[in-house]
Amino acid sequence: MTNSVYIHIPFCQSICSYCAFTKFFYNEKQVDLYLDSLKKEIQEKYKGEIIKTIYIGGGTPSSLNINELKKLFEIIKIFKLSNDLEFTIEVNPESIDEEKIKLFKTNKVNRISMGVESTINENLKYLKRNHDFKLVKEKINLIKKYITNINIDLIYGLKNQTLKDLVYDIDNILSLDITHISTYSLMIEDNTYLKIMKEENISEDLDYEMYELIINKLKKSGFNHYEISNFSKPGYEAKHNLVYWNNLPYYGFGVSASGYLDNCRYTNTLSLKKYFEGNYLDNQEILSDKDIISYALILGFRKISGINKSEFFKRYKVNILDLYNIRDLIKSGLIIDNGPNLLISYDKIYVENSILINFVGE
């Protein structure tokens with residue numbers, strides 16, 4: 001049983017240079033077919049639970065026109081919604097307007113995630129983004145007339161980016177007075193324009209300096225660093241994303257969407273053709289008890305507060321201290337036992353992956 005839904009909208013008006021997600025150029029006919037298929041998938045799989053979090057990601061959900069968005073929200077009415085629903089939709093500055101924002105508000109969207117990435121024109125061109133900071137300010141002020149819980153995505157670690165550039169980006173984002181910031185170090189991934197152009201990641205030393213700078217500036221500005229890459233004003237932590245990090249089940253609907261239901265992790269097909277034919281599933285992994293615990297550790301330790309020991313025992317019926325080599329990791333100072341919780345030592349957050357690898361298999 002789950003209370004959370006992820007919906008993937010894979011269409012974009014343009015393709016960013018760094019994006020490795022499943023995406024397609026916007027095509028009106030394909031969008032119509034896609035929404036029909038999405039409705040069928042939801043009707044087939046949804047079991048009637050009360051839904052507490054919905055996240056519509058992409059792609060660029062706001063690339064859909066107003067009638068397509070209306071059709072999407074009609075589909076979403078299939079779900080029984082909680083009174084304290086958190087409902088997030090991703091937008092880009094150039095594809096959002098007041099009519100769409102009003103439609104979001106009418107349909108219970110109460111959280112917006114905007115892909116800003118940088119506030120420096122040169123960097124935006126490098127990322128193949130189609131906005132500038134002036135447009136971002138305009139659209140954020142417009143959104144705030146209707147919805148005040150706003151996340152902004154920031155990418156750092158770009159070629160030729162300096163620490164001074166990063167400070168400039170952060171100061172501009174802070175000036176927008178938003179509630180949540182997600183930060184991502186640029187990774188040059190396969191099947192992206194940057195990879196084709198043989199771009200390379202910045203040095204680890206500079207990447208670390210940038211990460212530390214982000215943490216220090218955002219904490220001083222009243223943001224709570226609650227997950228490796230995420231910062232929020234108090235009380236504005238992303239409830240939907242905490243579902244992932246707490247290893248809780250969720251539906252994944254749409255092309256390439258992932259889900260976790262009944263001890264099974266699954267990923268939908270990356271093919272529009274297969275999806276239109278009703279062949280939604282690409283692969284699934286039936287989890288053993290050991291697999292479930294492994295995921296719980298890897299995901300739970302992403303949270304800065306770590307994993308609550310008594311809640312872990314209540315849910316998995318095992319003492320977390322007896323698992324893998326956790327006692328050794330505590331002795332070495334990589335994991336801290338503060339009484340109620342186990343957490344990654346804060347000065348080791350940057351190298352967290354080298355610690356989490358301990359919980360992959362046995």
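The questions and answers below walk through the sheets, a helix and some aromatic contacts of this predicted model.

Q: In what order do the strands of the open sheet of nine strands stand, and what is its pairing?
A: Strands of a sheet can pair through backbone hydrogen bonds in either a parallel or an antiparallel way. In the open sheet of nine strands the pairing is mixed. Reading across the sheet, the order is S9-S10-S8-S7-S6-S5-S4-S1-S11, with mixed pairing.

Q: Which strands stand at the edges of that sheet?
A: A strand at an edge has a single partner strand, so one side of it is left without a neighbour in the sheet. From one strand to the next, the twist of this sheet averages 20°. The strands at its edges are S9 (224–227) and S11.

Q: Which strands are joined to S4, and do they run parallel or antiparallel to it?
A: Strand S1 (residues 4–9) is joined to S4 by six bridges, and in this pair Ile7 stands opposite Ile56. Six bridges also join S4 to strand S5 (residues 80–91), where Thr53 stands opposite Glu86. The strands joined to S4 are therefore S1 and S5, and both pairs run parallel.

Q: Is S4 largely enclosed or not enclosed by the rest of the structure?
A: A residue counts as buried when its relative accessible area is under 20%. Seven of the nine residues of S4 are buried. For that reason, S4 is largely enclosed by the rest of the structure.

Q: In which sense do S8 and S10 pair?
A: Strand S8 (residues 180–185) and strand S10 (residues 230–232) are joined over three bridges. In this pair, His180 stands opposite Ser232 in S10. The sense of the pairing is antiparallel.

Q: At about what angle does helix H2 run to S4?
A: Helix H2 (residues 66–76) lies across S1, S4 and S5. The angle is taken between N-to-C directions and can run from 0 to 180 degrees. For H2 and S4 it is about 150°.

Q: How does the span of helix H5 agree with its number of residues?
A: Helix H5 covers residues 133–144, which is 12 residues, and at 1.5 Å a residue it should span 16 Å. Its end C-alpha atoms agree with that expectation, being apart by 16 Å.

Q: Which residues of H5 are buried, and what covers them?
A: In an α-helix there are 3.6 residues a turn, so residues three or four places apart point the same way. In H5 the buried residues are Phe133, Val136, Lys139, Ile140, Leu142 and Ile143. What covers them includes helix H3 (98–106), strand S6 (111–117), strand S7 (150–156) and helix H6 (163–175).

Q: Which residues is Phe133 in contact with, leaving aside its neighbours within four places in sequence?
A: Phe133 has its place in helix H5, and at 11% relative accessibility it counts as buried. Once the neighbours within four places in sequence are left aside, the contacts of Phe133 are Thr119, Asn172, Ser175 and Leu176.

Q: How many residues apart in sequence are the parts that the pair of Tyr46 and Tyr251 ties together?
A: A search of the whole structure finds 18 aromatic pairs. One of them is formed by Tyr46 and Tyr251, which meet edge-to-face at 6.0 Å centre to centre, with 65° between the planes. Tyr46 lies in the loop between helix H1 (28–45) and strand S4 (50–58), while Tyr251 lies in strand S11 (residues 251–253), so the parts tied together are apart in sequence by 205 residues.

Q: Which rings does Arg265 lie over?
A: Arg265 lies over the face of Tyr260, at 4.0 Å from the ring centre. The charged end of Arg265 also sits over a second ring, 4.2 Å from its centre. The two rings belong to Tyr260 and Tyr295.

Q: What is the order of the open sheet of three strands?
A: In this sheet the pairing is antiparallel, and five bridges join strand S13 (residues 264–268) to S14. Within that pair, the bridge partner of Thr267 in S14 is Asn283. The order of the sheet is S12-S13-S14.

Technical notes: Residues numbered from 1 in each chain as written. Predicted model: local features only at pLDDT ≥ 70, side-chain atom pairs only at ≥ 80, totals over all residues. Heavy atoms only, no water. Helix = DSSP H or I, 4+ residues; strand = E, 2+ residues; numbered from the N terminus. Expected span 1.5 Å × (residues − 1). Buried < 20%, exposed > 50% of the residue type's maximum accessible area, 1.4 Å probe, protein only. Contact = heavy atoms within 4.5 Å. Phe/Tyr/Trp six-rings, centres within 6.5 Å; stacked < 30°, edge-to-face > 60°. Lys NZ or Arg CZ within 6 Å of the ring centre and 35° of its normal. Pairing = 2+ DSSP bridges.
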